[in-house]
Amino acid sequence: MTDIELPEGITLLDAPLAGIKVDTPAATGVIYFNGAHIAAWTPAGQHPVLWLSDQAILEPGKAIRGGIPLLWPWFGAGDDGQHTPMHGIARVSTWNLLRAKVSPAGTANIVLGLDGAAVDPGLAPDLPRDYRLELHISMGKTLIVQLVVFAGDSELFFEDGLHSYFAVGDIHKTRIEGLDGAAYSDRLTDGCATQQGAVSFEGETDRIYESRETLRIIDDEWNRTLLIEKVGSAQSVIWNPWIAKAAATPDLGDDDWQEFVCAEAVNVRDQSVNVEPGGRHLISQTISII
Ligand SMILES: O=P(O)(O)OC[C@H]1O[C@H](O)[C@H](O)[C@@H](O)[C@@H]1O
């Protein structure tokens, strides 16, 4: 997956999946080449910021439960509800490591790439094959994740997202600020509503908020606030499966729903992205502890 020389603080992993491990004075983390998947990030002296299921399936070509799955080029089962795999092909494709550096302060700067021509055409028959994706990761005290989509000679039309799972001390003592007044579409009822105040959790939650705003995940159990700034994302999906859906999801433990919330930067449905031939699109999240 790579023949580039790795600096001190970044080592290759070959099991359970190929990838790299970051271990510097600023942070530790794991990135798998399967899906360019950031499976772990823990800034020095902190609880893990990303949540990963103990039952995650770590096999090439399989989606990983937790961390930051990439969502591209469709959301869920796509506009017709028939697309597989769920959330598209980026998270189940094998990416290449293009760059790995570590700054003097211990921030790892990593770039992974995926060439459309290398992806099984059967996975997404409607896509032209000359697109290219890059994931730029800056992992230190702050985590910056940028997905860049480059169109080839044809126009590209897609949905995209960073489907981040955030670890929290207790979902009952967690709220998300930054969405007050935002319109949302409720995926559980197909209804629409407007958010009043902070988002708190009392049951299964699966909403697409029309909002470009910065989010704050306030975690009263661990007494910390995660700040999630984003660029190039018109919507935020907030998801927690709660009891029944967690129990029905094979790669989630029965009690896992209490330990995480997904706050996803996305462009889906009416906010799908159109990139002209030769153009590019960037979506990013910058995650810090305040
Ligand atoms: O199970 P996955 O394909 O990883 O999807 C997990 C979740 O992703 C998003 O948050 C969707 O809005 C949810 O409806 C979905 O259940």
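Q: Two strands count as paired if DSSP finds at least two bridges between them. With that in hand, which residue in β3 stands opposite aspartate 23?
A: This is a predicted model, and β2 (residues 19-23) is a good place to start. Strand β2 is joined to β3 (residues 27-32) by 5 bridges, and the two run antiparallel. Within β3, the residue opposite aspartate 23 is threonine 28.

Q: Lysine 21 stands opposite a residue in β3; which one?
A: Lysine 21 lies in β2 and is also the bridge partner of threonine 11. That bridge belongs to the antiparallel pairing of β1 (residues 10-13) with β2, which has 4 bridges. Towards β3, the residue opposite lysine 21 is valine 30.

Q: How many residues make up the hairpin link from β2 to β3?
A: Two hairpins follow each other here. The one from β1 to β2 passes through 5 residues. For the one from β2 to β3, the number of residues is 3.

Q: Which strands form the edges of the open sheet with the order β1-β2-β3-β4?
A: This open sheet has 4 strands with antiparallel pairing, in the order β1-β2-β3-β4. An edge strand here pairs on one side only, and that description fits β1 and β4 (37-43). From one strand to the next the twist averages 15°. The edges, then, are β1 and β4.

Q: Which residues of β8 point to one face and are buried?
A: In a regular strand the side chains alternate between the two faces of the sheet. Strand β8 (residues 132-139) shows this alternation, with Arg132, Glu134, His136 and Ser138 on the face where residues are not buried. The buried set, on the other face, is Leu133, Leu135, Ile137 and Met139.

Q: What is the bridge partner of isoleucine 137 in β9?
A: Strand β8 pairs antiparallel with β7 over 8 bridges, and there aspartate 115 stands opposite arginine 132. Another 8 bridges join β8 to β9 (residues 143-150), again antiparallel, and a hairpin of 3 residues links β8 to β9. In β9, the partner of isoleucine 137 is valine 145.

Q: Is valine 111 buried or partly exposed?
A: Valine 111 sits in strand β7 (residues 108-115). Beyond its neighbours within four places in sequence, valine 111 is in contact with Leu98, Arg99, Glu134 and His136. A buried residue needs 20 or more other C-beta atoms within 10 Å. Because valine 111 has 19, it counts as partly exposed.

Q: How far apart in space are valine 111 and arginine 99, C-alpha to C-alpha?
A: Arginine 99 is among the residues in contact with valine 111. In sequence, the two are 12 residues apart. Their C-alpha to C-alpha distance is 4.9 Å.

Q: Which element gives the largest share of the largest nonpolar core?
A: This core has 78 residues, and those with the most contacts inside it are Leu50, Phe166, Ile217 and Ala263. Leucine 50, for its part, touches residues including Ile38, Trp41, Ile68 and Phe166. The largest share of the core is 6 residues, and it comes from β21.

Q: Which elements give two or more residues to the shell around the ligand?
A: The residues around the ligand are Ala63, Gly76, Met86, His87, Arg187, Asp206, Val237, Trp239, Cys262 and Glu264. By class, the shell has 5 nonpolar, 2 polar and 3 charged residues. The elements giving two or more of the shell residues are β20 (235-240) and β21 (260-267).

Q: Which residue comes before proline 85 at a cis peptide bond?
A: The loop between β5 (70-71) and β6 (96-102) holds proline 73, and a cis peptide bond joins that proline to tryptophan 72, with omega about 0°. Proline 85 is in the loop between β5 and β6 as well. Its cis bond has omega near -5°, and the residue before it is threonine 84.

Q: Tryptophan 242 has a positive phi although it is not a glycine; what is its value?
A: Asparagine 223, in the loop between β18 (215-219) and β19 (224-231), has a positive phi of about 55°. Asparagine 223 is exposed, with 9 other C-beta atoms within 10 Å, while tryptophan 242 counts as partly exposed with 16. Tryptophan 242 lies in helix α1 (residues 242-248). Its phi is about 60°.

How values were computed. Residues numbered from 1 in each chain as written. Predicted model: local features only at pLDDT ≥ 70, side-chain atom pairs only at ≥ 80, totals over all residues. Buried ≥ 20, exposed ≤ 12 C-beta atoms within 10 Å, placed from the backbone. Axes fitted to C-alpha atoms, helices over the stretch in contact; angles between N-to-C directions. Near = placed C-beta within 6 Å. Nonpolar A, V, L, I, M, F, W, Y, C, P; charged D, E, K, R; others polar. Core = buried A, V, L, I, M, F, W, Y, C linked by C-beta atoms within 7 Å. Contact = placed C-beta atoms within 7 Å.
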